[in-house]
Amino acid sequence: MRPGFSPLSLAVLLIILAACSTPKSTSLAAPTPSPSAPNLASTPDTRTDTRPTGGTITGLKLVKKLNVPAGPKSLRVLPDGKRVMTCNLYGYQVTFIDAQTYEILRKVPVGGEPVECTFTRGGKYAWVSLYGSERVGATSVVVVIDTETYQIVTRIPAGRVPKVVAESPDGKWVYAANWLSESITVMDAEKLTRVKDVPVGRVPRGICFAPDGKLAYVCIMGGHSLAVIDVEQGHQKVRDIETGYNPRHVCVSQDGRLLYVALNASGTLIKIDRATETIIGRAKTGTQARSTSLSIDDRYAFVCNYEDNNLGVVDLEQMKQLFTVKTDVHPIGVTTMPDGKYVWVSNYRPSTVYVFEIEYAAAGSTGVPNS
């Protein structure tokens, strides 16, 4: 839960959680294809994966600890891998950090509480969701920042309390999950305008697009499912996929065949077959599994175990958490560098960013993960 909630916000959340039913059990039996699910098996993947294979991960070595403005809610590497951006919720600003020197290049005030970010036009524009707290006189908007000039280009109205923002693979659309409006705001990434709101369900948060951009998946954190959005057919919700209670974050594999969903309440990472839209694996992580980032070869997931104050490394073939490394209090954001050599983690207290070097086994060695 976000530290520092006002009594009113806490009451709203308690009402939401009380309204949610008991978590449903999900069978891992042989999946039965859904008639409306994407038929990935009959459509060979012709994309070429140009990202390098990292190898067998044996450990994470802390190489840098940075102090950043208050409440780094999230962080994400820009597409060129040269800078990392943090959204500092209580500092009312975002920061741009040099990925090589770790120098804070610029602090950009955004006029509200920044939550999450994404990038379009190859990283020229950063899209940042603002919490919309009445406490600081802010409204719920998505701010667009020019990452070359560090100037705010525009502010686009969203629903109540936008959280995760995500860009479509073709760069045409940006979605924002409106936590308290039970909707997704669709924005035109070229025109920088709001297109429509799409009802999806209680407390939407995590979002990812399929690699071909035809579908988007939204975590319904106040329930037990992913909402499936048909992007091509007018951004309409077409169905739900069962996940188990309290899904918070979702990632998709490069080949588009698998979804990985972090279930916050149970501290679990699940694997979903996109073709059949059924759960085919699950891994116990830590207390309150929050943000997740995949390794560059999709063999591992880095999971923020919020209440355990550590980062977990999950083997995605075995669906097993191999080991954890200590962080500061409440790790909340994570991003993997494009070269596969480092993973960055943001911590709520005392407002720090950890940079871990990913250690790999030597060639011909299976490696023994450290614990």
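**Exercise 1.** Determine how the predicted model scores residues 1–35 in pLDDT, and how many contacts beyond four places in sequence it has for them.

*Solution.* Begin with the confidence: in this predicted model, pLDDT stays under 50 over residues 1–35. Next take the contacts, of which the model has 55 beyond four places in sequence for that stretch. Then turn to residues 41–52, where the pLDDT is likewise below 50 and where the model has 14 contacts beyond near neighbours in sequence. Where pLDDT is low, the predicted coordinates should not be read in detail. Finally, set these stretches against the whole protein, whose mean pLDDT is 87, with 82% of its residues reaching 70 or more.

**Exercise 2.** Work out the order of the strands in the open sheet that four strands form, and the sense of their pairing.

*Solution.* The order is β14-β15-β16-β17, and the pairing is antiparallel. The edges are β14 (204–209) and β17 (236–242), since each of these strands pairs on one side only. Neighbouring strands of the sheet are turned by 25° against each other on average, if direction is ignored. Looking at one pair, β14 and β15 (residues 215–220) are joined in the antiparallel sense over four bridges, and Cys208 stands opposite Tyr217 in β15.

**Exercise 3.** Describe the protein as a whole through its secondary structure, burial and exposed surface.

*Solution.* Counting elements gives one helix and 28 strands. Of the 371 residues, 58% are buried, taking buried as under 20% relative accessible area. The protein exposes about 15,200 Å², and carbon and sulfur atoms supply 51% of that area. As a last step, consider contacts with a separation of 6 or more: residues 24 or more positions apart account for 47% of them.

Methods:
Residues are numbered from 1 along each chain as its sequence is written. This is a predicted model: local features need pLDDT of at least 70, side-chain atom pairs count only at pLDDT 80 or more; totals for chains, interfaces and linings use all residues. Side-chain values use heavy atoms; hydrogens and water are left out. Two strands pair if DSSP finds at least two bridges between them. Helices (H or I, at least four residues) and strands (E, at least two) are DSSP runs, numbered from the N terminus. Axes are lines fitted to C-alpha atoms, for helices over the stretch in contact, and angles run from 0 to 180 degrees between N-to-C directions. Buried means under 20% relative accessible area, exposed over 50%, partly exposed in between (1.4 Å probe, protein chains only). Contact means heavy atoms within 4.5 Å. Accessible areas come from the Shrake-Rupley method with a 1.4 Å probe; for residues, only the protein chains shown count as cover. pLDDT is the predictor's confidence in each residue, from 0 to 100.
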